[in-house]
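Visitor: Please take one part of this protein and look at it closely with me. I am a first-year student, so go step by step.

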Amino acid sequence: MSSLKSITPFVFGTTRLGHDDRPFEDRVSIALQAMESGVWFHTSHQYDNALDVLSRAFKENPGKIPKLIVKIGWHSILEIRDNIKLHLDQLGISSIEVGQLCLENPLKEDFEKGGKCYDDLQKILEEGWIKNWVLEVFPWTSQTAIKAIRNGFAERIIQGYIFYFNPLQRFASNTLWDILHERNETIIAMRTVSGGPVHKLRDVPGAAWKEYLQKRATEVAPIFEKSGIQNWTEFCIRFAHSFPQVISTVGSTNKSENLNDFLKASSARIEALDQRIIEQITLLQQRWSDELDIHAEPWSM
Ligand SMILES: NC(=O)c1ccc[n+]([C@@H]2O[C@H](COP(=O)([O-])OP(=O)(O)OC[C@H]3O[C@@H](n4cnc5c(N)ncnc54)[C@H](OP(=O)(O)O)[C@@H]3O)[C@@H](O)[C@H]2O)c1
């Protein structure tokens, strides 16, 4: 059985640990608070100085070092090996539980056509640096996943798929989503609360980092209000876990009270949302995908 099955239902994303709107020491305290809870972490050297914060927290409480999902990529196997080493060295750990495979050409093309990279990625598993590979997906890379799955290559090494999935975003194209559903593939959902409370995204200028998110918040807010659930974080964690293939949702904060919301909503048995809510949001996401997502330029959304 894949060790991915032991993932915690909420994974602490570390983007906010790299943001200096709070002092370094405060961010170390948040990391320690999350470590104490036992949740897995998601990180990347791209998140400003988040790795420095984590490194300090891991030294302060080595008995509670969490299992990690780490972004690993991009253009070649050589770069992947360098990237793994960078994270192991900086964090003082000996292996990474989950490597989030981020593919750019020429590696992406090799992956699509079932090339040598599969043997190379398998070797990295056998050497023990990475314990599981999951494939990162965006609307603009959904075709890569579709090709690799349809041709029977992906299943050689890929244990699951990781993408933005929350009430306002589903970053697998409709075709890929259907394939993942039919094959009962494992999914890790990212951006739990889609960047913050839905009313703030709808009403506060600049809260939504792109206009499309503000528009989507306008469509989803009435569904949230009608649910009777008071807390957006709870709604979002229950949303992600209403889909049986979703094993975890990754959210971030650098505030103790907001971390507590994530932990509280994911600590007991997570109740699925009413099926009618899921159907309504699923319909919206199908439309959004065709209208906008699959036409989007890479990194534009
Ligand atoms: N390609 C990738 O691999 C990729 C891309 C995006 C994200 N991720 C992963 O997913 C994680 C989460 O993504 P994200 O940070 O973009 O999305 P998110 O978790 O949906 O949103 C985080 C934002 O919501 C705010 N927030 C959280 N709880 C709140 C609450 N109870 N009340 C008010 N505001 C709240 C946080 O602000 P405060 O800090 O002020 O609470 C932060 O600004 C990242 O840390 C990263 O690990 C990965």
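Guide: What follows is a walk along one strand, its partners, and then the rest of the chain.

The model is predicted. Our part is strand 1, which covers residues 10-13. Start with its side chains. Phe10 and Phe12 point one way from strand 1. Val11 and Gly13 point the other way. This fits a general pattern: in a regular strand the side chains alternate between the two faces of the sheet. And are these residues of strand 1 buried or exposed? All of them are buried.

Now look at the partners. Strand 1 runs parallel to strand 9, and four bridges join the two. We can name two of the residue pairs. Phenylalanine 10 stands opposite threonine 249 in strand 9. Phenylalanine 12 has glycine 251 of strand 9 as its bridge partner. Strand 1 also pairs with strand 2, residues 41-43. Those two run parallel as well, joined by two bridges. Here phenylalanine 12 stands opposite phenylalanine 41. So phenylalanine 12 has a partner in strand 9 and another in strand 2.

Follow strand 9 one step further. Strand 8 runs parallel to strand 9, with four bridges between them. In that pairing, isoleucine 188 is matched with serine 248 of strand 9. How enclosed is strand 9 by the rest of the structure? Six of its seven residues are buried, so strand 9 is largely enclosed.

Next comes the ligand. Which residues come nearest to it? There are 25 residues around the ligand, and the nearest are Gly13, Thr15, Gly251, Ser252 and Thr253. Strand 9 (246-252) and helix 11 (256-267) are the elements that give two or more residues to this shell. Strand 9 gives the most, with three residues. Look back at our part for a moment. Gly13 belongs to strand 1, and Gly13 is also among the residues nearest the ligand. Glycine 251, the bridge partner of phenylalanine 12, is in that nearest group too. What is the make-up of the shell? It has 15 polar residues, six charged and four nonpolar.

Val11 leads us to the core. The largest nonpolar core has 83 residues. Val11 is one of those with the most contacts inside it, together with Leu54, Val134 and Tyr161. A general tendency is at work in such cases: in soluble globular proteins, nonpolar side chains tend to be buried together. Take valine 134 as an example. Leaving out residues up to four places away in sequence, valine 134 touches Val98, Gln100, Leu101, Ile158, Gln159, Gly160, Tyr161, Ile162 and Ile188. Two of these names are familiar. Tyr161 is another of the core residues with the most contacts. Isoleucine 188 is the partner of serine 248 in strand 9.

Step back to the whole chain. It has twelve helices and nine strands. Its radius of gyration is 19 Å, close to the 19 Å that the globule rule gives for 301 residues, so the chain is as compact as a globular protein of that length. The C-alpha atoms fill a box of roughly 50 × 45 × 35 Å along the principal axes. Of the 301 residues, 44% count as buried. Contacts often link distant stretches of sequence. Among contacts with a separation of 6 or more, 80% are between residues 24 or more positions apart.

For contrast with our buried strand, visit an exposed residue. Glutamate 225 lies in helix 9, residues 211-227. It counts as exposed because it has 11 C-beta neighbours inside 10 Å, and the cut-off for exposed is 12 or fewer. From glutamate 225 to leucine 86 is 45 Å, C-alpha to C-alpha. In sequence, those two are 139 residues apart.

A few backbone details finish the tour. Two peptide bonds are cis. One runs from glycine 73 to tryptophan 74, with omega near 10°, and tryptophan 74 is in strand 3. Another runs from asparagine 105 to proline 106, also with omega near 10°. Proline 106 sits in the loop between strand 4 and helix 4. Asparagine 184 is not a glycine, yet it has a positive phi of about 55°. Its place is the loop between helix 7 and strand 8. Asparagine 184 is exposed, with 9 C-beta neighbours inside 10 Å.

Conventions: Residues numbered from 1 in each chain as written. Predicted model: local features only at pLDDT ≥ 70, side-chain atom pairs only at ≥ 80, totals over all residues. Buried ≥ 20, exposed ≤ 12 C-beta atoms within 10 Å, placed from the backbone. Near = placed C-beta within 6 Å. Nonpolar A, V, L, I, M, F, W, Y, C, P; charged D, E, K, R; others polar. Rg over C-alpha atoms; globule rule 2.2 N^0.38 Å. Contact = placed C-beta atoms within 7 Å. Core = buried A, V, L, I, M, F, W, Y, C linked by C-beta atoms within 7 Å. Pairing = 2+ DSSP bridges.
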